[in-house]
Amino acid sequence: MAEHIVESIYRFLPEIALTVTLVAAIVADLILKERNRNVAWVVLGGLAVTAVLVLRQIGWSESIFSDMIAVDPFAVFFKVVLLVAGLFIVLFSMKSRELEHNATRIGEYYMLLTGVIFGMFLMVGATNLLLMYLAFELTSISSYVLAGFTKSLRKSAEASMKYIIFGAISSGFLIYGISLLVGITGATDIYGVRDALQGGVEQQMALHIATIMIIVGFSYKITVVPFHFWAPDVYHGAPVTITTFLATASKIAGFAMMIRFFKISYVESGSVVASGSWELVEGVQWNVILAILAALTIMAANLMALWQENIKRLLAFSSIAHAGFILMGLVLLSDEGISAMMIYMAIYLFMNMGAFYVVMLVSNKLDTEWISDYEGLGHRSPFLGVAMAIFLVALAGFPPTAGFIAKVYIFGATINAGWIWLVAVAGLATVISLYYYVRVVRNMFLVDPAESDGPVILDSGSMTILVLLLIPVLLLGVYFSPIVEWAKHSVTMFGM
Amino acid sequence: MVFPEWLAEPGLNHFLVVSAILFSLGLLAVISRRNIIMVLMGIELILNSANLNFVAFSRYGALSLEGHMIALFVIIIAAAEAAIALAIALNIYNRFGSVDVEQISELKE
Amino acid sequence: MGMDSLILFSLFALFLPLAGFVVLIFFGNRLPREGDWVATGAVAVSFVLSLIIMFSKLATPDSVTATWAWVQMGNVPVLGGLTIELGILIDNLSSIMLVVVTLISLLVHVYSMGYMQGDSRYGRYFAYLGFFTFSMLGIVITHNLLMMYMFWELVGLSSYLLIGHYYEKKSASNAAIKAFVVNRIGDAGMFIGIMILFVHFATFSFDAIFGAVAAGDLPFASQAWLTAAGVLIFCGAIGKSAQFPLHVWLPDAMEGPTPVSALIHAATMVAAGVFLVARMFPILTADALLVIAYIGAATALLAATVAITQYDIKKVLAWSTISQLGYMILALGVGAYAAGFMHLVTHAAFKAGLFLGSGAVIYAMHAALHKQHDHQTDAQDIRNMGGLRGKMPVTYWTFLIFTLAISGIPLTSGFLSKDEILAGTLAFSTLNGHFLLPLTAFLVAGMTAFYMFRLVILTFHGKPSDKDRLSIIREAPGVMTVPLIVLATLSLFFFYSFNPLGASSGWLYQALERPASVVPEAIGPIAASVLYQAVSSVHTLVMILSIVIAVSGLAFAWLVYEKRSISADKMAAAMGPLYRGSYNKWYFDEMYQAVIVNGTLALTHISNWFDNRIIDGIVNGAATVTQGISKISGWIDYMFIDGLVNFLANFTGAIGMRLRKIQTGKVQNYLVFAVFGFLVIVFFFMAI
Amino acid sequence: MEFQIFGIGILTWIVFLPIVGMLIVLLLPNEQKNAIRWTAATVTGLQLVLAVVVTMIFDRTALGINDSNSFQFVEQFRWIVVEAVPWVGKIEIMYFMGIDGLSVLMVLLTALISVIGVISSWNIEKMVKGYFALYLLLVTGMMGVFVALDFFLFFIFWEVMLLPMYFLIGIWGGARREYAAIKFFIYTFVGGVLMLLVMLALYFSVAYTNEAGEQIHTFNLLHMMNAANYVEGSILYGLDTTWRYVAWLALFISFAIKVPLFPFHTWLPDAHVEAPTPISVILAGVLLKLGTYGMLRVLFPILPDATIFFMYLMASLGMISIIYGALCAMAQQDFKKLIAYSSISHMGIVMLGMAALNTQGTVGAVLQMFNHGTITAMLFLIVGVLYDRTSKRGVYDFGGIANQMPKYTGIAMVAMFAALGLPGLSGFVSELFSFLGAFDSFRWITIISVTGIVLTAAYILWTVQRVFLGSLSDVHKTLPDLTGRELLMFIPLAIIVIFLGVYPAPAIELMNASLSHLVDFVNGGMP
């Protein structure tokens, strides 16, 4: 037992590192002068260390703390993605004028950020229903605070309120569902649950309700229609940096947890490794629900995005739509689908962050979030304009950008699994999505700027960050075998 | 005094039914009440209905002590959530001068 | 002389005019006299060459062909390997035609030097003449349908360019377009006919196709398709030779300079249709020939009736041309091959002469009017002429000869050919009782004599419409009169046959013996021998008849217009509607304008409207109505704009709009929706 | 055949030279307008030289189409390789380029039109740098499509063209440029999505077994043309299945939009009218050909069974486009729009010829693609010349130009009559063969289509009359005739048009072998 604990702790180092970072951040915030910068640097350092530790885990496949958490390729993949997200968010935050002006005690902001990341690490690894719930709540609760961190702003306050009410209810659904599931199966870790289900349970009705409630819980996290309502308002109200974080990292973490939960507890063990496709434990056809939800999400989100005037809302809806695209992968019940999802998420991270970062820079310089104010931007700052154009085009899924690859893989997997109607809907939605992405591009380039507004100058730092985001978006578009390889090898979870 | 037959021997289902009712009430409260504090109450109800399940299951169902333990955790979470929620509610009051959920709807469409 | 040199000569004869064209187009302005001598010289040389070719060809019975591969196509399914050849064929037909074309062309070149003096596009004019000659010769000497079609279009182009020579005048450019488009209609039919033959026989060459048909291999193994092919190809002739119902372009074509009318629209190009029919004769079935015959007859009659009432000197000649072409077609249709083609040759001479003569008159009139500073009077209206006889003797006498020829008075070339045609037609009817054909033929013969002399009398005899104008009228210069004299002599009988009363003994008739038909007996035309039998039996009768008719027509005209013993106006009044109909060319133009042209235009507007409103509408979200000349009235527009334009994208957009409203901003509504969703899922799930 | 420069294959040079040019242009300062122009000119010029070289040393006997060994100037190496995992076989995406008789003329055409486009862009003053950068990017995209033999590569080039086109129309276009640009964009994007879906379906259905005996999923077009490579039970497995028909339709629409074929054509008139002259030239000269080329390169040989099944559909659409396009053209008053519609009509002839599925038809079609490219390019340049001088485009705005600008009129006549299908000019030959081929397969459809030549004659001649004939209005008394630069772009095209009209054999020999093979292959229904 003892050495198991020790062993586990050894495997748990990254998370520990994060905790240390958290503490360090608090301390730094207390003692250091001129806090904002320094705390940020401390957190950056901590994240870097964590990254190293995570990279050491590549290839491991263990379950630690008596089946509380799994350290397996799947988890590692997502940890890396989340760390990248975290790093960029911290960098963004250092550049954000919004935070400087409207947020007090910026140190806590970074602390909370670290906390969220920690929670996400748990989410991607958790194999115990209780821990899943705890991780879920840990991220949520700190997110509530972050969303309202610029509390002097009305919109920020409103956002946090909506967020917490909606979030709390959803977590209520989740825990209620879990309670039923746990009760029926008598096991708290998902392996136990699976074994019980494979044995067959009599209370099918209860099982169904439990499943659906859990799906609802997850759906809120990954913004699936009709459980997405909070997202546009919160994304709109929250500080751009946090919006970015919610739109990318927390969504990705949610997906990771969802995938693991369903793949392990609702799928016949041993059915996976052989052929890529899974067989469900008898009874629950949850993937049909997901299919419908995915289609609904894709269509609704794209349609609602059409007329948005505020760029943040636009991107909010676009990110909801993308959640729908990603969800398609889980419907397929195949490792191919999962790997496609992972590829999509990894790429989505970069392009979406890029778009949001441009939005942030624009609101830094011009102090606006209205699409109409983007007119002539391409002429006032060609670099910014081109970068934004590339990110949007990538989001629309044009070659030779990475966004195209993401779509290729998710669509391909869907076709291969024979879900033609689903992919047809997705294709149609893609066309619709072009409208609103291009609208922004049009404003930036096809409209000449007014004489009054001069050129927009970027500082080298922001430029560097933009370039850092552009490189993967373009590079993965023309040479994507690394990411594909990695994803394909990262679908294996402990216990399959 | 004589209990009706179906209440004579309280079992798992009774608790489940009660928790279901609790849950629904909580949901109702959240949806219908204007005052943010009341909404938060509703949330508490929901969480506790879940707790009731856990405890009931570990008393009657296959679940052993884990049930109680989970319930404890949930209570803690609920507390934390409530704390944050109240803070936010306060901030809302400062900004909007009201805690009426209906009126706080500037972000829309 | 050797075959190869024959081919070589014909190639030179063909390409010299083209060379002249190229030179004039690129260097015309730098050359003295804008290079008219270049063009004329080129044509002169090819005329000489043509003469040599003709004589040496007529000496030998067998024809000469030479071919060059143009395009090679690898294994063609259905057809196997395919080579498309260009080639030339020199036989009696083509060699005679060569001479006719080059001769007339040469004369017209010379004449034009006088007539077109001081024209703003003098050089360009000669260039086009050269180009026309080239394309016309191409039609004549080709040995396959493809080249025939290509040059067919090219003569169309040159005719277009020359009719539109005075393109500042709207009427001129309109006429040019009309000519080209109407011809295109015929050509489309011809093209389809060619396709039928090619797709089946995998070759364009006449000999090859005739050979195959002779071997009993019919297109798509059906006689109907063979007939169809024949008739469709004849459509080309209908267009070029201005046969009914496509005759409408030729009168308008008179907008072009008069020499052009003489060359293209009287002597050569319009005869190309006749040439085509003659070429295709072997594969024409009896049915096809019957169609051809009737179309010819109809045309002849129709045109003659119109010619009677026209006052524009060129228009009269134009209609008479149409009528004469109808004659030729009729002749070929009834199988009087030699007669028909011979009439082509003789007609070429005297009709060209008539036009050049009229040109001389117009030239003189213009000069006179110019002196009088009179710009209202129409120089071409015969009512403004009269009494010119004394002032322009050469023109008058030559013109008279031509008129006698066209009316078929003995001792002229016209008599010879026309007499043969009438005989052929009559013989044909005796054999299978299509008596309408000879009837029309004779009728038209009489009318021809009448309206031609009407023309002569009104122009040259009688009292002048304006004394002092007449006093200043001058005879045309030598370059113009010499061609007239040449043509006049060519309109006399001895050039064609030493027997003034019988062409059949003449060299030309001999040279043009009818080719054997290759279609199966059952559907073939009446055998030549049989026909000639009948001809010889009716010949004397016909001769007498035709002379009588011609003379009476002449006499009638004399009575009406010279003696005035019968009032033309009274006659006209008596005729009433007939007169009006004839005067207005039986309203063909109006009819076509109303039905075809306006119909097409309406169609274009409809389709354009359809494009902008419906098709565009269905996909077009930005509801801005694009421009375009839809004449549909406004309110329909609105209905459709509202109804359809906003259809798809606006439709999605609209949904987006509505959907957006869900986002009310009230968190509790959100929750309601969410819970609702949850319940739906639950029920759905319970259902499955 | 191999041909390398500095160890890099000639096709790569041809395709990516413009990209190099683009980078140079981007590095040049904005003010250096002439430097930028000359860079573009040089790059495209070099490209043309290479293209001519390729055409010269091209082996006319090689078959190509589905036979990888007989493609020429082949460049092939693995671009993306994903090793096998238990549940998905090995995956390959090739950088695979090569040309055969089908593509060689198109490569030449693209290079030629690109150069001419640059010349006619010379007097563009607005944002010169951006303009030429986008222009060169566009050229790369077009050229790439014509040489790509891997579906993935093909698709990437296909989509790469979209954005530059969007901006070129949208920024440098006329009054309603935004509308036209977005319309073009959406239309083509729809096509792109459809193509993407079919491409993926094919990709999962096709797997070839390599030397090592492993099953490899691939985008290689040639592998997709081999029935043996279709994985049993995959969606497109077998012949004449419903899914194959669906796939055919989807792919067909995606190409038909580019062609454009009735009823997918309405983006064209707007795009043409609004686009600046050089872009119209590119659009009509090259872009439209991509659609028909794609059908011959991808659609026919990969789905031959469906192709035969849908023969009549294609022919009918071709027929409708011919007649309908001509009718619409007749109704136009805007010179540019008129030509745009005439393009629809002429591309209908291409469609008709292709649908015939025999050598004459196909040869005619491909030749028509080339000829229409040159002829319509000329026509748009002709409009451009007038527009530059008078900034008017209405057919009725002119008249009597013939007296004022003889050189110009001469050139215009050549182009106009070539468009009208006059024998002796290139247009006639290709139309002739297209119709001959079509008549072999569909009698009545062809007979109806032939009536289109009458309509064509009508609207062309009316245009000639309205613009060039008649009397000159005083405002145009001062119009200068063609300048040297303008002659420079017209003369080569005019020469080609006349030469191919008189002696088309050289062009036909280039494609003959490949097209015959293609036809046999398709009629064989994918052995």
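The following paragraphs describe a predicted model, moving from the contacts between chains to the interior of chain A.

Five pairs of chains touch, and the pair with the most contacts is that of chains C and D. At this interface, 45 residues of chain D are in contact with 43 residues of chain C. On the chain D side, the elements that give two or more residues are helices H13 (311-331), H15 (359-390), H18 (426-441), H19 (443-450), H20 (452-467) and H22 (505-523) of chain D. H22(D) provides the largest share of this side, eight residues. By class, the side of chain D that touches chain C consists of 29 nonpolar, 13 polar and three charged residues. Chains B and D, by contrast, are joined by no contact, and their closest C-alpha atoms lie 25 Å apart.

Chain C, the partner of chain D in this interface, has 27 helices and two strands. Taken along the principal axes, its C-alpha atoms fill a box of roughly 115 × 65 × 60 Å. Of the 688 residues in chain C, 56% are buried. Among contacts in chain C between residues at least 6 apart in sequence, 79% connect residues at least 24 apart.

Attention now turns to chain A. This chain is divided into domain 1, residues 1-280, and domain 2, residues 285-496. The C-alpha centres of these two domains of chain A are 22 Å apart. Where the domains meet, 54 residues of domain 1 of chain A are in contact with 50 residues of domain 2 of chain A. Several elements of chain A each supply at least two residues to the domain 1 side, among them strand E1 (62-64), helix H4 (73-95), helix H10 (204-221) and helix H12 (240-265). H12(A) gives the most to that side, with 14 residues. The residues on the side of domain 1 of chain A that touches domain 2 of chain A comprise 31 nonpolar, 15 polar and eight charged.

The two domains of chain A also share a nonpolar interior. The largest nonpolar core has 742 residues, and those touching the most other members are Tyr344(A), Ile347(A), Val274(C) and Val107(D). Helix H16 (residues 335-366) of chain A gives the most to this core, with 22 residues. Because domain 1 (1-280) and domain 2 (285-496) of chain A both give residues to this core, it lies between them. Which residues surround Tyr344(A), leaving aside its neighbours within four places in sequence? Tyr344(A) is then in contact with Phe325(A), Ile326(A), Ala406(A), Tyr409(A) and Ile410(A).

A further helix of chain A shows how burial is arranged around a helix axis. In helix H9 (residues 190-199) of chain A, the buried residues are Ile190(A), Val193(A), Arg194(A) and Leu197(A). These residues are on the same side of H9(A) because they cover an arc of only 100° around the axis. The buried residues of H9(A) pack against three helices of chain A, namely H7 (129-147), H8 (154-185) and H12. H12(A) is also the element that gives the most to the side of domain 1 of chain A that touches domain 2 of chain A. Just after H9(A), Gly200(A) takes a positive phi of about 95°.

Key:
Residues are numbered from 1 along each chain as its sequence is written. Chains are lettered from A and ligands numbered from 1 in the order in which they are written. This is a predicted model: local features need pLDDT of at least 70, side-chain atom pairs count only at pLDDT 80 or more; totals for chains, interfaces and linings use all residues. Two residues are in contact if their C-beta atoms, placed from the backbone, lie within 7 Å. Helices (H or I, at least four residues) and strands (E, at least two) are DSSP runs, numbered from the N terminus. Ala, Val, Leu, Ile, Met, Phe, Trp, Tyr, Cys and Pro count as nonpolar, Asp, Glu, Lys and Arg as charged, and the others, Gly among them, as polar. Domain bounds come from an automatic or database domain assignment. A residue is buried if 20 or more other C-beta atoms lie within 10 Å of its own, exposed if 12 or fewer, and partly exposed in between; C-beta atoms are placed from the backbone. The arc is that of the directions from the helix axis to the C-beta atoms. A nonpolar core is a set of buried Ala, Val, Leu, Ile, Met, Phe, Trp, Tyr and Cys residues joined through C-beta atoms within 7 Å.
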